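User: Could you pick one part of this structure and give it a close look? Start wherever you like, then walk me through what packs around it.

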Amino acid sequence: MRDSELSLDEVRAAVADPAAGGIVLFAGAVRDNDEAKGVTALSYSAHPSAEEELRRVAEQIVVKFPDVIGLAAVHRTGDLAIGDLAVVVAVSCGHRAEAFSACHALIDELKASVPVWKHQLFTDGSAEWVGSA
């Protein structure tokens, strides 16, 4: 969890390895809409156990995908503007197919399991809490 701007280069560098023929990077950005409602901004809050849970998810992905060479994931907390990066994950493997599969599994499990909550502010003045990252 990080309360400052996320860096694609930093996450990519964390998984780079001479044996990696495939590096897949996913960057989730704050969009200006959600279910046909305009979004003006949002804020992420994380439970104190979020980093530990993220580590657990990462370890599960490495077990499930034994070809993983490197794995990195970081989620932003605090106030974000439209276009800001909210989450960045990367996986490196010997080949691209495994890297795509592992990265897809990583972001899906992160969103399903890591206790991060999103508070969205809408253009109509309303707001909404969303259960998990």
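Analyst: Let's start on the outside: Glu35 counts as exposed, because its relative accessibility is 72% (exposed means over 50% relative accessible area, buried under 20%, partly exposed in between, with a 1.4 Å probe and protein chains only). Before going on, note that this is a predicted model, where local features need pLDDT of at least 70, side-chain atom pairs count only at pLDDT 80 or more, and totals for chains, interfaces and linings use all residues. Residues are numbered from 1 along each chain as its sequence is written, and side-chain values use heavy atoms, with hydrogens and water left out.

Glu35 sits in the loop between β2 (33-34) and β3, and its phi is near 50°, a positive value in a residue other than glycine. Ala36 is in the loop between β2 and β3 too, with a positive phi near 70°. Ala36 is exposed as well, given its relative accessible area of 83%. Helices (H or I, at least four residues) and strands (E, at least two) are DSSP runs here, numbered from the N terminus.

Now for the part I'd really zoom in on: α3 (96-113). At 1.5 Å a residue, its 18 residues should span 26 Å, and the end C-alpha atoms are 25 Å apart, so the two agree (the expected span is 1.5 Å times one less than the number of residues). The buried residues of α3 are Ala99, Ala102, Cys103, Ala105, Leu106, Ile107 and Leu110. An α-helix has 3.6 residues a turn, so residues three or four places apart point the same way.

What do those buried residues pack against? They meet β1 (22-29), α2, β4 (68-75) and β6, with contact meaning heavy atoms within 4.5 Å. Three strands, in the order β1-β6-β4, make an open sheet with antiparallel pairing (two strands pair if DSSP finds at least two bridges between them). β1 and β4 are the edge strands. Seven bridges join β4 to β6, and Gly70 has Ser92 in β6 as its bridge partner. α3 lies across β1, β4 and β6, at about 145° to β6; axes are lines fitted to C-alpha atoms, for helices over the stretch in contact, and angles run from 0 to 180 degrees between N-to-C directions.

That brings us to the largest nonpolar core, with 25 residues (buried Ala, Val, Leu, Ile, Met, Phe, Trp, Tyr and Cys joined through side-chain atoms within 4.5 Å). α3 gives the most to this core, seven residues. Ile61 is among the residues with the most contacts inside the core; leaving out residues up to four places away in sequence, Ile61 touches Leu71, Ala102, Ala105 and Leu106.

Last stop, the cysteines. Cys103 is buried, since its relative accessible area is 3%, and Cys93 counts as buried because its relative accessibility is 1%. The closest cysteine sulfur to that of Cys103 belongs to Cys93 and is 9.4 Å away, so it is too far for a bond. A search of the whole structure turns up zero disulfides, taking a disulfide as a pair of cysteine sulfur atoms within 2.5 Å.
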